[in-house]
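Got the model loaded and the sequence panel open? Here's a walk through it, one selection at a time.

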Amino acid sequence: MLAELRGLNEECGVFGIWGHEDAAQISYYALHALQHRGQEGAGIVVKGDAGLQAVKGEGLVNEVFSGDNLSKLVGNGAIGQVRYTTEQGRGIENVQPLVFRSTTGSLAIAHNGNLINATDLKEHLERQGSIFQTTSDTEVLAHLIKRSSGSLNQRDKVKKALSILKGAFAFVLMTDEGLMVAQDPNGMRPLSLGKLGEAWVVASETCAFDIIGAEHVRSVEPGELLIINNKGLTSERFAPAADSAMCSMEYVYFSRPDSDIDGINIHAARKRCGKQLAREVQISADVVTGVPDSSISAAIGFSEQSGIPYELGLIKNRYVGRTFIQPSQALREKGVKMKLSPVHQVVHGKRVVMVDDSIVRGTTSKRIVAMLREAGAKEIHVVIASPPLIAPCYYGVDISSDSELIATGRTLEEMCEEIGADSLHFLSIDGMLESNGRSSEMKNCGQCLACFTGDYPTEIYSDTAMPHVKEIVR
């Protein structure tokens, strides 16, 4: 569905390139391809003759960057980010990449994910004299690197700092010498490595490689640190790989259909989920429609498996201004009709299967069902190409409390009544795992299922101090 309206959002998308004279311009196009991962802020930092230079701001990529400010970013290395902000993370100071300057050199950092021990680390670092300029947990890494033993080289300082972090993270760091790229030990956020001529590139999604003409080489491995500089690329480990736990919502919703994660195409995975959903749910209907855009693949799969014709029953308005996509519940509710419209001739007098990727609060689903009824739909059967969301996420998805979730504490019948549908059905967890196509030899097929089960792949820390932190960060 529409993340902007619904409240299901990812933190951001990151990109990096080293060894290309047009690094800034290439980063601009790559961030355009990653725009779906965050619409609230964007930034690019370039390594040039004058050191690290940054342009960043609040807004969409094409709002932040103009011909004038982009042309000033000259260099052969760059990192960039598009960002979604929560209530606590707004403000230009939180727009990434963050740049840190010191007498020993400069450092820029872009991050996708969430550190579950950030609060504890901040408290201990502040007691040791650190002063934080942002509310972003990304800044924690910079302070940890700076406070590492002076006898260590930069690479070992980064490795030591990364080993302290807990949670989901995909980091791209840049110094005057090159890039460093890190993936958390569980591999919870997608991060891929590519090649553009002689230049190396990294991105949250492979769709960014397509737009810049880069070749996808492989995924960055859990616990891996890549060092990219003028000598080429080397791979090291900052931590042993833990149980693989790629965020399931990347397959369900976040990633673009033309992206691949660990060799699995997102469109194909969603289409298989739609087919599996049709096997699990038997519905007599006249037409299948999907809620644009992320549900279209599943709707096509449902249609093919069920034999019920697929039609464009809902149309997305792509020209609504950002006023209507701010991350607040009030504006989300006001914006639904601005973003979606029913096709009356498709749904009027029909029994409609409405396929969606997930339900969070249920508010938008309720309004879409009401729109379809106003357009003359005789029956509306809502089918969801993922299991019910029952638990909050602490790894970077904007579901901070289970009280926000319609599935928490409600029966299927109660949820169906709440959204006003004639029936409501969800894909089973086993059906989702099998359809996504990841290895069955891994725990949960190498996916994080926390928001569906409440079983988290890492320890979840409270805001109280961890007894081992003082020793780790001294």
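How many bridges join strand β2 (residues 41-48) to β4? Select both strands and count: there are 7, and β2 and β4 run antiparallel. Keep in mind as you go that this is a predicted model.

**Zoom out first**

Colour by secondary structure and you get 18 helices and 23 strands in the protein chain. Of its 474 residues, 59% count as buried. Among contacts in the chain with a separation of 6 or more, 69% come from residues 24 or more positions apart. Switch on the surface, and the chain exposes about 18500 Å², with carbon and sulfur atoms supplying 48% of that.

**The seven-stranded sheet**

Now pick out the open sheet of 7 strands, which reads β3-β2-β4-β1-β10-β9-β11 with antiparallel pairing. At the edges stand β3 (51-58) and β11 (215-219); each has a single partner strand, so one side of each lacks a neighbour in the sheet. Look along the sheet and you'll see a twist that averages 15° from one strand to the next.

**Strand β4**

Go to residues 77-83. Is β4 enclosed or open? It is largely enclosed by the rest of the structure, because 7 of its 7 residues are buried. Show side chains here with a general point in mind: in a regular strand they alternate between the two faces of the sheet. In β4, G77, I79, Q81 and R83 point one way, while A78, G80 and V82 point the other, and all are buried.

Centre on I79 for the cross-strand view. On β1 (residues 12-18), which pairs antiparallel with β4 over 7 bridges, the bridge partner of I79 is G16. On β2, V45 stands opposite I79.

Stay on V45 and step outward: V45 also stands opposite A54 in β3. The β2 and β3 strands are joined by 8 bridges and run antiparallel.

**Strand β10 and its hairpin**

Next, select 199-203. How many residues of β10 are buried? The count is 5 of 5, so β10 too is largely enclosed by the rest of the structure. Both of its faces are covered: A199, V201 and A203 are buried on one side, W200 and V202 on the other.

V201 is a handy anchor here. Its bridge partner in β1 is I17, and 4 bridges join β1 to β10 in the antiparallel sense. V201 also has G194 as a bridge partner, on β9 (residues 192-196), which pairs antiparallel with β10 over 5 bridges. Follow the backbone round the β9-β10 hairpin, with 2 residues between the strands, and check G197: its phi is positive, near 65°.

**Just past β10: S204**

Move on to S204, in the loop between β10 and α8 (207-212). Buried or exposed? S204 counts as buried because its relative accessibility is 2%, below the 20% cut-off. Draw a distance from the S204 side chain to the backbone nitrogen of V14 and you should get 2.8 Å. Leaving aside neighbours within four places in sequence, S204 is in contact with G13, V14, L34, R37, N112, P190 and L191.

**Last stop: the cysteines**

Finish with C273 and C445. C273 is buried at 5% relative accessibility, and C445 is buried as well, at 12%. How many disulfides are there? The count is 0.

Terms used: Residues are numbered from 1 along each chain as its sequence is written. This is a predicted model: local features need pLDDT of at least 70, side-chain atom pairs count only at pLDDT 80 or more; totals for chains, interfaces and linings use all residues. Side-chain values use heavy atoms; hydrogens and water are left out. A disulfide is a pair of cysteine sulfur atoms within 2.5 Å. Buried means under 20% relative accessible area, exposed over 50%, partly exposed in between (1.4 Å probe, protein chains only). Two strands pair if DSSP finds at least two bridges between them. A polar contact is a pair of N or O atoms within 3.5 Å; within protein, one must be able to donate a hydrogen and the other to accept it, and residues adjacent in sequence count only if both atoms are side-chain atoms. Contact means heavy atoms within 4.5 Å. Accessible areas come from the Shrake-Rupley method with a 1.4 Å probe; for residues, only the protein chains shown count as cover. Axes are lines fitted to C-alpha atoms, for helices over the stretch in contact, and angles run from 0 to 180 degrees between N-to-C directions.
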